[in-house]
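The exercises below are meant for someone meeting this structure for the first time. Each one sets a task and then works through a solution step by step.

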Amino acid sequence: MAYTLDIFRFDQGTDEVPHRDRVEITELPETATVLDALEHAKAEIDGSITFRRSCRSAICGSCSMNINGTTGLACKTPVRTVLRSDRSIAIDPMPNFQPMRDLVVHMDPFWDKYTRLKPYLQPKDKDEDHATERRVSPEDMKKLVAVANCVMCATCYALCPVVSVDPAFAGPAAIAYAFRFIEDVRDSKRKERAAQISDDYLWLCAHCYACSYCPKHVDPHDDIIAVKRATIEEGITDAAGPRHALVVAKTIKATGMLHETEVIQGTVGRFNIKGLIKVAPLGIRLALAGKLPPMFLKPVPKVDEIRTIFETLEAPTL
Amino acid sequence: MPATLEKPVIKGKSKSAQMRKYGFFPGCVAKESCKELFNSTMLLADRLGIELVELTAASCCGASVLNDTNRDVARVLNARTYAQAEALGLDDVITICSTCTGHMRAANKELLENESHMGQANAILGKFGAKYEGNVIVRHLLWLLIDDIGLDELSKMVVNPLNGLKVAAFYGCHIIRPESVNGWESARNPHSLEDLIVALGGEAIDYAGRTRCCGFHVQLEKDGIAPNMVGQNMRMAKDAGAEAVITPCPLCHLALDGYQADSVARWGRTDLPIFHLPQLVALALGVDPSTLGMNKHIITPGLVLQQHDLAPAHVA
């Protein structure tokens, strides 16, 4: 049965604004992938439709695009799983990127964030002759296996809501690559790497798990929180992000609860007048609505048990 | 047998569902800046004829932030909470916060799937005579409404139908993502809140922002991030015709309610009132609107409710 591709069309060289073309697909079954359908459209109907693709098997990472409002690899998305009730599929370039032509986008910001990481091993001893192997135990290698599956398709970057409002944020893939070197026992630049990724707004990750839609199941989120822990271990704590995490831990250890008032003061800094003035408008709005959080909290019953948990695990706090 | 995580309790199967008595984990925000959420939940439970027994000695779930400092502490804190629920004979623990739901379920999944995690937790719990047997299941109130009460039953209980009020659902991340932890409905295309809105007599508004992030967790990390994320999402809801928003998460509520005023410059005025999930359900079920704390919101819903003959403007 026929279906329609509703395709975003734009050429940065000639077009002021994008338009859309509807292409009827009558000869390909619904079991075909979205990439199959696009290639069919390009070969048989309109040769000017432009998109990146190479391997057709989710290894090269070229064909990430927005399919019915959500981003993924076209080669890994069967048509039948995304057909809308009117038997159409909306195909757009990845969000969070500037379109170049049709479904092809400018990837430069994504690559820039990656190259800033110095994404290569920087071992302790300079073995100029490459005479000996740098051996790693299977146990040490195990935690790097998932991130090694990243094909840099930028799906996570396109889905990231923080990138969408602040392009300075490194984005999930770059932080996952930072993890890949920070946790590599052969590397010698753990602290420098942690400092670099902190400067690239590591702590802006909003914990939203949009990157859990990774088509290669890298799931950068766990790597991101591991990098955050590494920065705290390396003593890079003089910023709102690490202060926030550590003051939350402090208030839970003290009262059992996340004490909102103290967390705000502790994150901004009790003596950071400029910072406190910036958060004041929300505080005033809350106060006017009669819902300012309590200044003091009574600890929950048996709070000693909670302190025992923190102390046994040697969990850091502010 | 440990509870299975992939499919939360089927309607009527849990002991709690049969007894209509559940363990209740309100979370920190409902006890601090959003007390109206706690109060409206209790009023709704009363109207539904269910008993929510608060786990008063429970700790914070870790709120996604504790994992940034130590990988084990949140898991063990949650094991302590589950041990308390088991000791009270309440294995079915109900939350009213998306973040609590996601992080408590994630901790439970790690405990149940990894013997070394369970062993570590019980070794520490043993120091104060507690033990987690692995029987707890964590669900959101939204899931209880749909699985244990049922939308058909709920719509029969409606005495104050929403009269076509155009409501946009805002899920909050941690009640749907990651799917491997929650899995109760599709993370990419959930519809439980929309189904609920319709069952209460409202009109569900579709917009792309409904499954996106509110920015709450990074509100203090850099200026303007959270207001921008709020403005972007609320603009989409407003342009799709929404008159109000419903959310199962008090963190989303705080961000959406608090930051619309700060996003005007970039996204224009939106002024959408943000209902906590139990407020809107309780309102439709005939609970006195003046008791639901809607006047405690920054953007109060009074005018919208009056326009739909749902409540006099002054009570909200």
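A residue is called buried when its relative accessible area is under 20%, and exposed when that area is over 50%. The model shown here is predicted, and every value that follows was computed from it.

**Exercise 1. Describe chain A as a whole: how many helices and strands are there, and what share of its residues is buried?**

Begin with the inventory, which for chain A comes to 13 helices and seven strands. Next, take the extent of the chain: along its principal axes, the C-alpha trace of chain A spans about 70 × 70 × 40 Å. Then apply the definition above, by which buried residues make up 52% of the 318 residues in chain A. Finally, turn to the contacts in chain A between residues at least 6 apart in sequence, of which 62% join residues at least 24 apart.

**Exercise 2. Work out the strand order of the five-stranded sheet in chain A, and find which strands lie at its edges.**

The sheet is open, and its five strands follow the order E2-E1-E5-E3-E4 in chain A, with mixed pairing. The edges are strand E2 (19–25) and strand E4 (70–73) of chain A, since each pairs on one side only. Neighbouring strands of this sheet are turned against each other by 30° on average, if direction is ignored. For one pair in detail, strand E1 (residues 3–9) of chain A and E2(A) are antiparallel and share seven bridges, and Leu5(A) stands opposite Val23(A) in E2(A). As a last step, add helix H1 (residues 34–44) of chain A, which packs on the sheet and touches E1, E2, strand E3 (64–67) and strand E5 (88–92) of chain A; the direction of H1 makes about 75° with that of E1(A).

**Exercise 3. Do the same for the four-stranded sheet of chain B, and say which way the side chains of E3(B) point.**

This sheet is also described as open, with the order E2-E1-E3-E4 in chain B and parallel pairing. Its edge strands are strand E2 (51–54) and E4 of chain B, and the twist averages 40° from one strand to the next. On one side of E3(B), three bridges join it to strand E1 (residues 21–25) of chain B, where Gly23(B) has Val93(B) as its bridge partner and Phe25(B) stands opposite Thr95(B). Four bridges join E3(B) to strand E4 (residues 137–140) of chain B, and in E4(B) the bridge partner of Ile94(B) is Arg139(B).

For the side chains, recall that in a regular strand they alternate between the two faces of the sheet. In strand E3 (residues 92–95) of chain B, Asp92(B) and Ile94(B) point one way while Val93(B) and Thr95(B) point the other way, and all are buried.

**Exercise 4. Decide how H7(B) and H13(B) are oriented to each other: parallel, antiparallel, perpendicular or oblique?**

Helix H7 (residues 141–149) and helix H13 (residues 277–284) of chain B pack at an angle of about 40°, with their axes 10 Å apart. Angles under 35 degrees would count as roughly parallel, and 65 to 115 as roughly perpendicular, so H7(B) and H13(B) are oblique to each other. The contact is made by Leu141(B), Leu142(B) and Leu145(B) of H7(B), together with Leu277(B), Pro278(B) and Val281(B) of H13(B). By class, these are six nonpolar residues, with no polar and no charged ones.

**Exercise 5. Check the length of helix H5(B) against the span expected for it.**

Helix H5 (residues 98–113) of chain B has 16 residues, which at 1.5 Å a residue should span 22 Å, and its end C-alpha atoms are indeed 22 Å apart, which agrees. The helix is mostly covered, with twelve of its 16 residues buried; among them are Cys100(B), His103(B), Met104(B) and Leu111(B).

**Exercise 6. Locate Tyr209(A), and determine whether this residue is buried or exposed.**

Tyr209(A) lies in the loop between helix H8 (190–199) and helix H9 (220–233) of chain A. Its relative accessible area is 12%, and because the limit is 20%, Tyr209(A) counts as buried. Leaving aside its neighbours within four places in sequence, Tyr209(A) is in contact with His221(A), His103(B), His174(B), Arg177(B) and Pro178(B).

Note on methods
Residues numbered from 1 in each chain as written. Chains lettered and ligands numbered in written order. Predicted model: local features only at pLDDT ≥ 70, side-chain atom pairs only at ≥ 80, totals over all residues. Heavy atoms only, no water. Helix = DSSP H or I, 4+ residues; strand = E, 2+ residues; numbered from the N terminus. Expected span 1.5 Å × (residues − 1). Buried < 20%, exposed > 50% of the residue type's maximum accessible area, 1.4 Å probe, protein only. Axes fitted to C-alpha atoms, helices over the stretch in contact; angles between N-to-C directions. Parallel < 35°, antiparallel > 145°, perpendicular 65-115°, else oblique. Contact = heavy atoms within 4.5 Å. Nonpolar A, V, L, I, M, F, W, Y, C, P; charged D, E, K, R; others polar. Pairing = 2+ DSSP bridges.
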